[in-house]
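Trainee: Could you walk me through this one, and let me push back on the labels as we go?
Mentor: Sure, have a look first and then ask away.

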Amino acid sequence: MTDDLPGAGPTVLVTGGSSGLGAAVVTAVARAGGRPLVLDRRAPADGVPWVECDLADTRSAEAATRELAERSGGLDAVVTAAGIDVPGRLADVPAETWERIVAVDLLATAAVIRAALPWLEASRGTIVTVASTLGVKAVGDATAYCAAKFGVVGFTRALAAELAGTVGVTLLIPGGMRTAFFDDRDPRYRPGPDAVLNNPADTAAAVMFALSQPAGCAVREMVVCAERETSYP
């Protein structure tokens, strides 16, 4: 990621930047002197420019991306941290819910990046997509989430080949983190009291490492999880 604005840090668009890993990335970017921008359904931390957006509506996600890029004068990086899940057996999860998970986790990832590409190509910028350890290891009662995150893995690997030499592309595969991601789940799908989860700030530090690489140096993939994480490998 390059910084073409003297005296100003890089401009980084973060989806899902109001909570969880996204919020941790926003904090890390700001502390490093950068300018975070957020797409989310809820307002991020005070003072962070954002556009309210339901990422399941991919056309709206594209329009919101363009609005933020134009308003800020360009983009140096995009981090697609937004993600949702509603665990359950395929027969029990309503079709609308199942498809919304895939839309937010996979289709919006592609939509935001597609819209951001003109600015990223101009800045020789960087993309960090966020998959999951369940993008490389499948489990039951998670067909939508696994389908979406396996899709993010394949999408990002193909995108890296497509954009080689123009935009940096990094695939982040995080394990479970101590965030509100699990709060609304049925209790049987929540981590137990002894679950080993990462601090999202530590995963955000890995994102910042990827973003700090000079043009032409690619961090292709990173797995970041607690040392005793059971979902990987």
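**Labels and the numbers behind them**

Mentor: Let's start with Arg124, which sits in the loop between helix 3 and strand 5. Keep in mind that this is a predicted model.

Trainee: What makes the phi of Arg124 worth a remark?
Mentor: Its sign, in a residue that is not a glycine: phi is positive, about 50°.

Trainee: And why is Arg124 called partly exposed?
Mentor: The relative accessible area of Arg124 is 31%. Buried needs under 20% and exposed needs over 50%, so 31% puts Arg124 in between, as partly exposed.

Trainee: Which loop holds Asp141, and what is said of its phi?
Mentor: Asp141 is in the loop between strand 5 and helix 4. Its phi is near 60°, again a positive value outside glycine. With a relative accessible area of 23%, Asp141 is also partly exposed, because that value is not under the 20% cut-off.

Trainee: How do you know whether Leu75 is buried or exposed?
Mentor: Its relative accessibility is 2%. That is under 20%, so Leu75 counts as buried.

Trainee: Where is Leu75, and what does it touch?
Mentor: Leu75 lies in the loop between helix 2 (58-72) and strand 4. Setting aside neighbours within four places in sequence, its contacts are Thr11, Leu13, Leu37, Ala69, Ala116, Trp119, Leu120 and Ser123. The C-alpha atom of Leu75 is also 7.6 Å from that of Pro10, though the two residues are 65 apart along the chain.

Trainee: On to the sheet. Why are strand 3 and strand 7 said to stand at the edges?
Mentor: The sheet is open, with 7 strands in the order 3-2-1-4-5-6-7 and parallel pairing. Strand 3 (50-52) and strand 7 each have a single partner strand, so one side of each has no neighbour in the sheet. On average, neighbouring strands are turned by 15° against each other, direction ignored.

Trainee: What makes strand 4 and strand 5 a pair?
Mentor: Pairing takes at least two bridges. These two parallel strands are joined by 4 bridges, so they qualify. One residue to look at is Thr80, whose bridge partner in strand 5 is Thr129.

Trainee: What packs on the sheet?
Mentor: Helix 1 does, touching strand 1, strand 2 (35-40), strand 4, strand 5 and strand 6 (168-174). The direction of helix 1 makes about 160° with that of strand 2. Helix 3 (residues 95-123) lies across strand 1, strand 2, strand 4 and strand 5, and runs at about 175° to strand 4.

Trainee: How do you know that the length of helix 1 agrees with what it should be?
Mentor: Helix 1 has 12 residues, so at 1.5 Å a residue it should span 16 Å; the end C-alpha atoms are 17 Å apart, which agrees. Its buried residues are Leu21, Gly22, Ala24, Val25, Val26, Ala28 and Val29, and they pack against strand 1, strand 2, strand 4, strand 5, strand 6 and helix 5. Gly33 follows helix 1 and has a positive phi near 95°.

Trainee: How does the span of helix 4 compare with what is expected?
Mentor: Helix 4 (residues 143-163) has 21 residues and reaches 30 Å between its first and last C-alpha, close to the 30 Å expected. Among its buried residues are Tyr145, Lys149, Val153 and Leu159, and what covers the buried residues includes helix 3, strand 5 and strand 6. Just after helix 4, Gly165 takes a positive phi of about 90°.

Trainee: Which residues touch the most other members of the largest nonpolar core?
Mentor: Val25, Val79, Leu172 and Leu211, out of 26 residues. Elements giving two or more residues to this core include strand 1 (11-15), helix 5 (200-211) and strand 7 (221-224). Apart from it lies another core of 25 residues, with Leu39, Ala108, Ile113 and Val167 among them.

Trainee: Last one: how many disulfides are there?
Mentor: The count is 0. As for individual cysteines, Cys53 is buried because its 5% is under the 20% limit, while Cys217, at 40%, counts as partly exposed.

Key
Residues are numbered from 1 along each chain as its sequence is written. This is a predicted model: local features need pLDDT of at least 70, side-chain atom pairs count only at pLDDT 80 or more; totals for chains, interfaces and linings use all residues. Side-chain values use heavy atoms; hydrogens and water are left out. A nonpolar core is a set of buried Ala, Val, Leu, Ile, Met, Phe, Trp, Tyr and Cys residues joined through side-chain atoms within 4.5 Å. Buried means under 20% relative accessible area, exposed over 50%, partly exposed in between (1.4 Å probe, protein chains only). Axes are lines fitted to C-alpha atoms, for helices over the stretch in contact, and angles run from 0 to 180 degrees between N-to-C directions. Contact means heavy atoms within 4.5 Å. The expected span of a helix is 1.5 Å times one less than its number of residues. A disulfide is a pair of cysteine sulfur atoms within 2.5 Å.
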